[in-house]
Amino acid sequence: MNTSSSPAALGTLKLCFYGAGSMAEAIVRGLTSQGLTTGSNIGMLNRQNKERLNELNDRYGVITAGSDDAKQEMILNADILFLAMKPKDAAGALEQLRPLLTPNQLIISVIAGLSIRTIEQLLGRPMAVVRTMPNTSSTIGLGATGISYSSSVTEEQRALSETMFQAVGLTAVVEEPLLDVVTGVSGSGPAYIYYMMESMIAAGEKLGLTSEAAHELTVQTVLGAAEMVRTTGEKPAELRRKVTSPNGTTQAALETLDAYSFSEGIVRAVARAAERAGELGADIERSALK
């Protein structure tokens with residue numbers, strides 16, 4: 001079936017996930033929980049972890065492929081193929097896919113750093129390629145996904161891809177070079193927040209709170225802060241100023257964070273994640289050209 005069908009027809013298309021890690025599962029869970037498609041329309045394969053495939057079959061009802069013949073058949077029959085393998089395995093996997101793909105298939109990549117140009121080089125021809133950078137919050141419908149398109153992607157295919165990722169959160173269409181920045185901000189971003197939460201919980205416990213109280217207070221605080229930014233429409237800097245009384249507790253805490261270069265650390269972390277995404281892409285490209 002041609003993927004130029006309308007987004008409403010997604011449930012009639014065959015999806016195949018080449019790779020069955022956490023990001024692939026997040027997308028599958030989002031798509032199925034939102035009712036956009038069913039597990040019977042989703043195929044999943046990986047290199048050798050059959051236990052993982054069985055787990056996903058039990059959890060979502062997806063079709064899995066273990067043998068080489070079954071994998072090839074799943075790929076050949078797919079309307080939409082998600083590239084969700086590990087970056088280090090991408091070059092070899094794409095070369096194996098090269099003789100199996102057909103011009104009417106839509107390719108969606110969730111591999112950090114892997115450029116559209118490299119994908120097309122490895123496949124040996126221009127294809128309809130959607131390069132994305134989602135994050136694992138897609139699992140609960142609160143993901144943030146950056147999207148870029150190859151020149152072969154039609155308007156209908158754009159609409160289809162955005163429909164899929166909007167079902168698992170917010171999407172932002174950007175020029176491809178900026179996807180590495182999206183990786184640094186939102187792709188890796190949840191981990192920054194979890195890391196901060198770990199420290200807040202540990203501090204609460206160290207100062208006498210029970211583990212349960214420290215956990216619940218931290219979770220609610222982060223949830224409330226994010227919701228304040230979203231619902232008020234105010235910038236975080238303005239909300240921060242409103243809760244910072246002169247010579248008060250918050251000011252004392254923020255001054256301590258400044259003393260430890262908190263803001264600079266976050267800026268450098270985002271920049272390093274973006275840089276690392278580019279390095280991963282360059283590694284894939286070098287390995288492909290050998």
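I began with Phe-17, which, once its neighbours within four places in sequence are set aside, is in contact with Ala-24, Ile-27, Val-28, Ile-42, Gly-43, Met-44, Leu-45 and Phe-82, contact meaning heavy atoms within 4.5 Å. I note that this is a predicted model, where local features need pLDDT of at least 70 and side-chain atom pairs count only at pLDDT 80 or more, while totals for chains, interfaces and linings use all residues. Residues are numbered from 1 along each chain as its sequence is written, and side-chain values use heavy atoms, with hydrogens and water left out.

I then looked up the largest nonpolar core (buried Ala, Val, Leu, Ile, Met, Phe, Trp, Tyr and Cys residues joined through side-chain atoms within 4.5 Å; buried is under 20% relative accessible area with a 1.4 Å probe, protein chains only). It has 31 residues, and Phe-17 is listed among those with the most contacts inside it, as are Leu-15, Met-44 and Ile-80. Its largest share, five residues, comes from helix H1 (residues 22-33), helices being DSSP runs of H or I of at least four residues, numbered from the N terminus. Apart from this core I found another, of 27 residues, including Ala-65, Leu-81, Leu-83 and Leu-123.

Leu-123 led me to helix H5 (residues 116-123), where six of the eight residues are buried: Ile-116, Thr-118, Ile-119, Glu-120, Leu-122 and Leu-123. After H5 comes Gly-124, with a positive phi near 85 degrees.

Last, I checked H7 against H8, where Gly-184, Val-185, Ser-186 and Gly-187 of H7 meet Gly-189, Pro-190 and Tyr-192 of H8.

Notes. Buried means under 20% relative accessible area, exposed over 50%, partly exposed in between (1.4 Å probe, protein chains only). Helices (H or I, at least four residues) and strands (E, at least two) are DSSP runs, numbered from the N terminus.
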